[in-house]
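Colleague: Before I rely on this model, I would like a close look at a single part of it, with enough of the surroundings to place that part in the chain. Please set out how far the prediction can be read before you go into the detail.

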Amino acid sequence: MERKEFVRKVAISSSVLLSAPFLFSACSDDDDDMLDGPVTIDLNDENFSSLQTVGGFAYAGDIIVIRSGENSYTALSKICTHESCTVSYNHSSNQLPCPCHGSVFSTTGAVINGPAQASLKVYPVLKEGNVLIIT
Ligand code: FES
């Protein structure tokens, strides 16, 4: 193999190796937290009437949506990262307790008390008129 050919093969091999982490990261566990598509909530729907009040919360699929302020909403995974029970929301403490083994999460998804080790996934919420769009 000539030197020029050797350098070309090393360059190609290196670029494949350097891009491998990016290729594999596309298949990481983070994808498990991705929504299949946007979740929309019509705030006029009586199933979500609890979101009319600050501090109220509702479930939409695997998401817990919290009316966190006059014009703000927070959406997180409702599935506890310990053993997959459904978390709820306590407005007075502004925390999400899990009824099964006592884990507590903040509204940023962070673990406050275990046994859960991993945070809850937080999803962006956009409000357009009376519709919430969670992505
Ligand atoms: S499932 Fe939530 S603390 Fe165990």
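Modeller: What follows takes up the reliability of the model and its overall make-up, then one hairpin and its surroundings, and last the two open sheets.

The model is predicted, so local features are described where pLDDT is at least 70, side-chain atom pairs count at pLDDT 80 or more, and totals for chains, interfaces and linings use all residues. Residues are numbered from 1 along each chain as its sequence is written. The average pLDDT (the predictor's confidence in each residue, from 0 to 100) is 83 for the chain, and 76% of the residues score at least 70. Over residues 10-30, however, the pLDDT is below 50, and beyond near neighbours in sequence this stretch has zero contacts in the model. Where pLDDT is low, the predicted coordinates should not be read in detail.

The secondary structure of the chain amounts to one helix and 10 strands, where helices (H or I, at least four residues) and strands (E, at least two) are DSSP runs numbered from the N terminus. The order of the elements from the N terminus is α-β-β-β-β-β-β-β-β-β-β. Of the 135 residues, 17% count as buried; a residue is buried if 20 or more other C-beta atoms lie within 10 Å of its own, exposed if 12 or fewer, and partly exposed in between, with C-beta atoms placed from the backbone. Two residues are in contact if their C-beta atoms, placed in that way, lie within 7 Å, and residues 24 or more positions apart account for 34% of the chain's contacts with a separation of 6 or more.

The part I would single out is the hairpin of E3 and E4, which has two residues between its strands. Six bridges join E3 to E4, and the two run antiparallel; two strands are taken to pair if DSSP finds at least two bridges between them. Within this pairing, Ile 64 stands opposite Leu 76 in E4. Leu 76 is also among the contacts of Ile 64, which, with neighbours up to four places away in sequence left aside, are Phe 57, Tyr 59, Leu 76, Lys 78, Val 87 and Tyr 89. On the E4 side there is a further partner, since two bridges join E4 to strand E8 (residues 122-123), again in antiparallel fashion, and Ala 75 stands opposite Tyr 123 there.

Ile 64 also belongs to the largest nonpolar core, a set of 18 residues in which Ile 64, Val 65, Val 87 and Leu 96 have the most contacts. Such a core is a set of buried Ala, Val, Leu, Ile, Met, Phe, Trp, Tyr and Cys residues joined through C-beta atoms within 7 Å. Strand E3 (63-69) and strand E4 (72-77) are the elements that give two or more residues to this core, and the largest share, three residues, comes from E3.

A second link to E3's stretch of the chain runs through Gly 56, which lies in the loop between strand E1 (39-42) and strand E2 (57-60). Its C-alpha atom is 5.5 Å from that of Arg 67, although the two residues are 11 apart along the chain. Apart from residues up to four places away in sequence, Gly 56 touches Ser 50, Leu 51 and Arg 67. Gly 56 counts as partly exposed because 16 other C-beta atoms lie within 10 Å.

Two open sheets remain to be described. One has three strands in the order E1-E10-E9 with antiparallel pairing, and its edge strands, each pairing on one side only, are E1 and strand E9 (125-128). Neighbouring strands of this sheet are turned by 20° against each other on average, direction ignored; axes are lines fitted to C-alpha atoms, for helices over the stretch in contact, and angles run from 0 to 180 degrees between N-to-C directions. Four bridges join E1 to E10, and four join E9 to strand E10 (residues 131-134). In E10, Leu 132 is the bridge partner of Ile 41 and also stands opposite Lys 127. E9 and E10 form a hairpin with two residues between them, and Gly 129 in the turn has a positive phi of about 65°.

The other open sheet has three strands in the order E5-E6-E7, likewise with antiparallel pairing, and its edges are strand E5 (95-97) and strand E7 (111-113). Three bridges join E5 to strand E6 (residues 104-106), with Val 104 as the partner of Pro 97.
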